[in-house]
2 protein chains.
Amino acid sequence: MPSVFTEFDLMTELHQPGDKIVLLILDGLGGLPMEAGGLTELETAITPHLDRLASEGMTGLSVPIRTGIEPGSGPAHLSLFSYDPVRYEIGRGVLESLGIGFALTADDIAARGNFASVDAEGFITDRRAGRISSEECVRLCAKLQAATGEMLADEGVQIFVEPVKEHRFVLVIRGEGLGGALTETDPLATGKQPLPVTDTSGTPEGERSARLINRWVDAARQVLADEPKANSLNLRGLAKDPGLPRFPDIYGMRAAAIAVYPMYKGVASLVGMEIVEFEGDRPSHEIDALEQVWDDYDFFFIHVKKTDSYGEDGNFDAKVHEIEAVDAVIPRILALQPGALIVTGDHSTPAKMRSHSFHPVPTLLWSPRARPDTTTDFGERSCVAGGMGIFHATNLIPQAMGHAGRLKRIGA
Amino acid sequence: MPSVFTEFDLMTELHQPGDKIVLLILDGLGGLPMEAGGLTELETAITPHLDRLASEGMTGLSVPIRTGIEPGSGPAHLSLFSYDPVRYEIGRGVLESLGIGFALTADDIAARGNFASVDAEGFITDRRAGRISSEECVRLCAKLQAATGEMLADEGVQIFVEPVKEHRFVLVIRGEGLGGALTETDPLATGKQPLPVTDTSGTPEGERSARLINRWVDAARQVLADEPKANSLNLRGLAKDPGLPRFPDIYGMRAAAIAVYPMYKGVASLVGMEIVEFEGDRPSHEIDALEQVWDDYDFFFIHVKKTDSYGEDGNFDAKVHEIEAVDAVIPRILALQPGALIVTGDHSTPAKMRSHSFHPVPTLLWSPRARPDTTTDFGERSCVAGGMGIFHATNLIPQAMGHAGRLKRIGA
């Protein structure tokens, strides 16, 4: 009988010591021409160092999730770290917590909360509470934290209510012995009453968690009862940190994350990378940090955020300049002599669309062991002809492992 | 814990309203040069509008089934509709029924029938009855229908015997409570006796169905006993309509099929598309129909048959001209302002081979949201360098969904 390995089992079996690997992510790197016949942001940017890497190494196009699907930042980064985000589902509550930089522990259940409006009989009239302002959200969360934060202390459970944006917040309940498979309270339609949280796992942990969360929901709705708009709430995506297989165990690498924004530190933590603390927020500051910790790790994830932010703003020129700022630090990375350097994005954020998009992501892999292809510059069109072809993002780390001499031969 | 999604689950979860999608299929589109150094049918055709679409959009090569496998029309269309034909097996009987335009119901078991020759002891001497003519086939089916059509009326079961071509026919038995997993009668070799139909499901439905079909087979062979060649028969691929997940449910689109030939209407019906009735059989008539129903649907499958027919005939020039006839109607499709337009084939039918072939199929996707690649014309060679690369046909609908703005972002 054929035995069934997962890809991770294969990596765990084959990894060996080797050269260091750098994964440099320009968030939202992929773009579009603003007008027919024009160039993309990356094609427009003057990038002599990236072009040299493309020329000496290989390029290609990365599909973050599946063809046609627009990635969120959480799933897109999981995929870059080689965890198929369709297979490894992360609860919305966990992702929202990561998104606001809340450090989850293994004892936490996180939920995405939505403030809502209900009528006198408790029927939902607006599932988003009239899209209250983010300032309102901060005030309401503080009110809930003060009134309910300690209400489950007798059960050894702490409550955290954290604002996200507009009507959205995060609820975290922390305590030993929480768990289960918990349903959502949102009936997903107006004119209905919210549902109680129930446990579908049939475990004592699940039953207890559902009971405690329902206690909190009841108390929280009483606290909100006199609010003009946000006089109720719903909870969705209640889940624990899924306990993903740890990246350092799968690949046999001490892994460091160098990022400015909490979300990306959060996803890196989720897979077991260590977060490097440093001063400053420019690409050059991130390379300062890289140089300082170079001897302590085997793998380095470096995250540049502003390419995505400028894309979301529709600011084509600023995105171009940020790409050029990254190009300028490439020689400092090469001076450290990595065995493999990947430069790519987690997804595309074309300034033209002012949004993440489903388009595949230009990617380059440079290594002293790379087989050169015919591409001599780094851009969306040229990557179509690159030696890596069009591939799923989860292939990147194994690809880098091979190039860094970190995988043993399979079989005799 | 990781949850396991299918790709269809993912689409069901992510679909949202968006722009309209047109899937224009030129049956057997892919071709070959007739001589070394020559051009294919598509490369030879003068196609200014298709070339413009290729220039503004993306091209690539579609693999209908698996690398190297020559597709039949049924599996090839299932694949275009995003149902992997290796995973979603459709019984030969069901496919043959679709092929002749027989409308199967959920109460039907369909079988592919082969007329055969046997000797006096019932041993098979020719599994194809000397490849009798199609006219013979029509006569024999009428004879069987008249003699056996009502023989199972006492069991509440109707019999339909429908001619296909040469020695091939379709048997449909219709009644409540039929089912099971039924074996074939054909021993697949001469010098052997036909086998009885048996049920391997162990269900009462299966046992009853096997018993009834064996009754029919015995009666039918008696009816044929005095025929000079086709004095027996075999049944293969006995199955019910597999009840595929419905395309409109998976993708959240009202889907219309515009086709001239019954087979293609049949496969479209199988996945839940609605069949558009119209006058005429030319591509221009199909676009008339498209214009008339444009407001009533979100997705339009348009099927052009003659490119394949001319390929099967070995008529290179006629295939070229049919491609040009399709090119001429492209502006009428664009005038309707679809969000995504795919032009491809279900498989290749090179005039040089006078047959379907295993070659991948030239494909273009045009959309206002497409990222242009470097290709500026639509042909087999240029598609190799296209931005979609070489991909499995089941990716096309998700790809179009993204381009039409019909998929929500996954994750935060």
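## Exercises on a predicted two-chain model

In chain A, strand 2 (residues 58–63) and strand 13 run parallel and are joined by 4 bridges. The model is predicted. Its predictor assigns the complex an ipTM of 0.83 and a pTM of 0.85. For chain A, the mean pLDDT is 94, and 99% of residues reach 70 or more.

**Exercise 1. Place strand 13 in the sheet of chain A, and find which residue of strand 13 stands opposite Leu61(A).**

Step 1. Read the strand order. The open sheet of chain A has 8 strands, ordered 9-8-10-1-11-12-2-13, with mixed pairing.

Step 2. Go to the ends. Strand 9 (274–275) and strand 13 (389–392) of chain A are the edge strands, each pairing on one side only.

Step 3. Find the partner. Ile390(A), in strand 13 of chain A, stands opposite Leu61(A).

**Exercise 2. Find which strands of chain A helix 14 lies across.**

Step 1. Locate the helix. Helix 14 of chain A covers residues 396–403.

Step 2. List the strands. The helix lies across strand 1 (21–26), strand 2, strand 11 (340–344) and strand 12 (361–366) of chain A.

Step 3. Take the angle. Helix 14 runs at about 155° to strand 11 of chain A.

**Exercise 3. Decide whether Trp216(B) is buried or exposed, and name residues it touches.**

Step 1. Locate the residue. Trp216(B) sits in helix 7 (residues 204–224) of chain B.

Step 2. Count neighbours. The cut-off for buried is 20 or more C-beta atoms within 10 Å. Trp216(B) has 21 inside 10 Å, so it counts as buried.

Step 3. Look beyond four places in sequence. There, Trp216(B) touches Thr148(B), Met151(B), Leu152(B) and Ile159(B).

Step 4. Check one more pair. Ile173(B) is 43 residues from Trp216(B) in sequence, yet their C-alpha atoms are 9.6 Å apart.

**Exercise 4. Describe the surroundings of helix 11 of chain B.**

Step 1. Pick out the buried residues. In helix 11 (residues 306–313), these are Lys306(B), Thr307(B), Asp308(B), Tyr310(B) and Gly311(B).

Step 2. See what they pack against. The elements are strand 1 (21–26), strand 10 (299–304) and helix 12 (316–335) of chain B.

Step 3. Step past the helix. Gly314(B) follows, with a positive phi near 75°.

**Exercise 5. Work out what chain B brings to its contact with chain A.**

Step 1. Count residues. Chain B gives 26 and chain A gives 32.

Step 2. Assign them to helices. Helix 1 (7–14) and helix 14 (396–403) of chain B each supply at least two residues of this side. Helix 14 of chain B has the largest share, 4 residues.

Step 3. Sort by type. The chain B side holds 13 nonpolar, 8 polar and 5 charged residues.

Technical notes. Residues are numbered from 1 along each chain as its sequence is written. Chains are lettered from A and ligands numbered from 1 in the order in which they are written. This is a predicted model: local features need pLDDT of at least 70, side-chain atom pairs count only at pLDDT 80 or more; totals for chains, interfaces and linings use all residues. A residue is buried if 20 or more other C-beta atoms lie within 10 Å of its own, exposed if 12 or fewer, and partly exposed in between; C-beta atoms are placed from the backbone. Two residues are in contact if their C-beta atoms, placed from the backbone, lie within 7 Å. Ala, Val, Leu, Ile, Met, Phe, Trp, Tyr, Cys and Pro count as nonpolar, Asp, Glu, Lys and Arg as charged, and the others, Gly among them, as polar. pLDDT is the predictor's confidence in each residue, from 0 to 100. Two strands pair if DSSP finds at least two bridges between them. Axes are lines fitted to C-alpha atoms, for helices over the stretch in contact, and angles run from 0 to 180 degrees between N-to-C directions.
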